[in-house]
Amino acid sequence: MRPLKYLAFLILPLTVSISFLQEGWLTYLPIFTFFIFVPLLELFCKPNNNNFNSEEEEVAKSNKLYTYILYFTIPIHLFFLGWFLLFVVHQNMPLSDLLGKTFSMGLMCGVIGINVGHELGHRNNRKDEFLGEILLLTSLNTHFLPYHNAGHHFNVATPKDAATARKNENLYFFWIRSHFQSYYQAWRLENKRLLTSNRPWFHYQNRMIIYTISSISLISLIFFFLGLKAAIAFISAAVVGILLLETVNYIEHYGLLRKRNERGRYERVKRTHSWNSDHIIGKYMLFNLSRHSDHHYNGSKHYQLLKSLSESPQMPTGYPGMMLVALFPPIWFKLMNKKLKVLQE
């Protein structure tokens, strides 16, 4: 029954469906749930740092239900995206309600579209990678895969990494720097990959070309069949999803740096180079994303196998709460710089 804990993600589509069907403050219910109710609840819930033993790990590794739950998110996400676009086209509503529904859809783009797309994009088979690409396309963030796998995991916790927040760098500057720098580096990585196989950058195997054409085509189709209002709403929801991703990137690696040896090379990535959280609600809703150090130590390890380790630096609370704190830079710096100082002593 252990895989069923990850069905906690259904809290999100449940609250989003209420947002779509209701008016007024209830259109913001997913935001209230994820960023107010869950953080408050996690303040009173004891973190769970239990890991599988070797026998349990072998069972979990072969249990396909963990992967089927990821697959289950895909039709749900696509259904809600279609519902959202049709709702925007056929329903007249106040701007405040439209914003609430757009933020709600954006939350799904971040939690399912990008987060589950990230997990599937790490799988070593083309079918899962393709499904990950579809999910990432719904947030106009397909460049995430080439940069994340070949750039972020290689350069994490160094100044070369777009997705590693520097000490005293505020979230709002990081949003811009991380997103556009990672997009640029994704092009560079793809160009380099093709060059090593004696292919020109302008080649059908350049994923960035395919991804860019796919994003433009998707927006164009929405505009052609549903109109300008739907296209703007879709882009807006995708932007919300991207900002959620970048906020997660910000809290995951803030201020952590790998040491360099006398030859200027960085030490290998360790389990001390990502912030972790074992708070159970966010952990299950985000498919163990908060056990991030073990993910970077072994990027191909499936989400259910990620471990909590004593040497990994721990956040004061879960991901939703830390994302909320990051919105207020003075509070964030006061809290996290103190923890960085302890780690460096």
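1. Let us start with glutamate 169, which is buried in this predicted model. Its relative accessibility is 8%, and its side chain meets that of arginine 177 in a salt bridge, with 2.7 Å from N to O. Arginine 177 is buried too, with a relative accessible area of 14%. Because buried means under 20% relative accessible area, both glutamate 169 and arginine 177 belong in that class.

2. A second pair to look at is glutamate 267 and lysine 270, whose side chains form a salt bridge at 3.0 Å, N to O. Here the two partners fall into separate classes: glutamate 267 counts as buried at 19% relative accessibility, whereas lysine 270, at 39%, counts as partly exposed. Glutamate 267 is a case where the cut-off is worth remembering, because buried means under 20%.

3. For a third pair, go to helix α6, which covers residues 126-137. Arginine 126 forms a salt bridge with glutamate 129, and the closest N and O atoms are 3.5 Å apart. How far apart are these two residues in helix α6? They are 3 residues apart, so about one helical turn separates them. Arginine 126 is partly exposed at 49% relative accessibility, and glutamate 129 is partly exposed as well, with a relative accessible area of 27%.

4. How many salt bridges does a search of the whole structure find? The search finds 14, so the pairs described above are examples from a longer list. Another example is a network of salt bridges that links Glu119, Arg123 and Asp128. As general background, side chains of opposite charge can pair when their charged atoms come close.

5. Now for the cysteines and disulfides. The structure holds 0 disulfides. Cysteine 109 is buried, with a relative accessible area of 0%, while cysteine 45 is partly exposed, at 25%. For a reader new to the term, a disulfide is a covalent bond between the sulfur atoms of two cysteines.

6. Next, please find helix α1 (residues 11-21) and helix α4 (residues 65-90). Their axes lie 11 Å apart and the helices pack at an angle of about 10 degrees, so α1 and α4 are roughly parallel to each other. On the α1 side, the contact uses Pro13, Val16, Ser17, Phe20 and Leu21. Facing them in α4 are Ile76, Phe80, Trp83, Phe84 and Phe87. By class, the residues of this contact are 9 nonpolar and 1 polar, with no charged residue.

7. Which residues of α1 are buried? They are Leu12, Pro13, Thr15, Val16, Ser17, Ser19 and Phe20. The cover over these buried residues includes α2 (29-44), α4 and α5 (95-121). Helix α4 thus appears both as a packing partner of α1 and as part of the cover over its buried residues.

8. Leucine 85 also sits in helix α4, and it is buried at 7% relative accessibility. Its C-alpha atom is 7.5 Å from that of alanine 233, although the two residues are 148 residues apart along the chain. Setting aside neighbours within four places in sequence, leucine 85 is in contact with Ile222, Leu226, Ala230 and Phe234.

9. For another helix pair, turn to α8 (residues 171-196) and α9 (residues 207-226). Their axes come within 8 Å and cross at roughly 135 degrees, which means α8 is oblique to α9. From α8 the contact takes in Tyr183, Ala186, Trp187, Glu190 and Arg193, and from α9 it takes in Arg207, Met208, Ile209 and Thr212. The class count here is 5 nonpolar, 1 polar and 3 charged residues. Charged residues therefore take part in the contact of α8 with α9, whereas the contact of α1 with α4 has none.

10. A last stop is phenylalanine 287, in the loop between α11 (280-285) and α12 (292-297). Is this loop residue buried or exposed? Phenylalanine 287 is buried, at 5% relative accessibility. Its C-alpha atom is 7.9 Å from that of valine 116, a residue 171 residues away along the chain. Not counting residues up to four places away in sequence, phenylalanine 287 touches Tyr6, Phe9, Ile69, Leu70, Thr73, Asn115, Val116 and Tyr303.

Key
Residues numbered from 1 in each chain as written. Predicted model: local features only at pLDDT ≥ 70, side-chain atom pairs only at ≥ 80, totals over all residues. Heavy atoms only, no water. Disulfide = S-S within 2.5 Å. Buried < 20%, exposed > 50% of the residue type's maximum accessible area, 1.4 Å probe, protein only. Salt bridge = Lys/Arg side-chain N within 4 Å of Asp/Glu carboxyl O. Helix = DSSP H or I, 4+ residues; strand = E, 2+ residues; numbered from the N terminus. Axes fitted to C-alpha atoms, helices over the stretch in contact; angles between N-to-C directions. Parallel < 35°, antiparallel > 145°, perpendicular 65-115°, else oblique. Contact = heavy atoms within 4.5 Å. Nonpolar A, V, L, I, M, F, W, Y, C, P; charged D, E, K, R; others polar.
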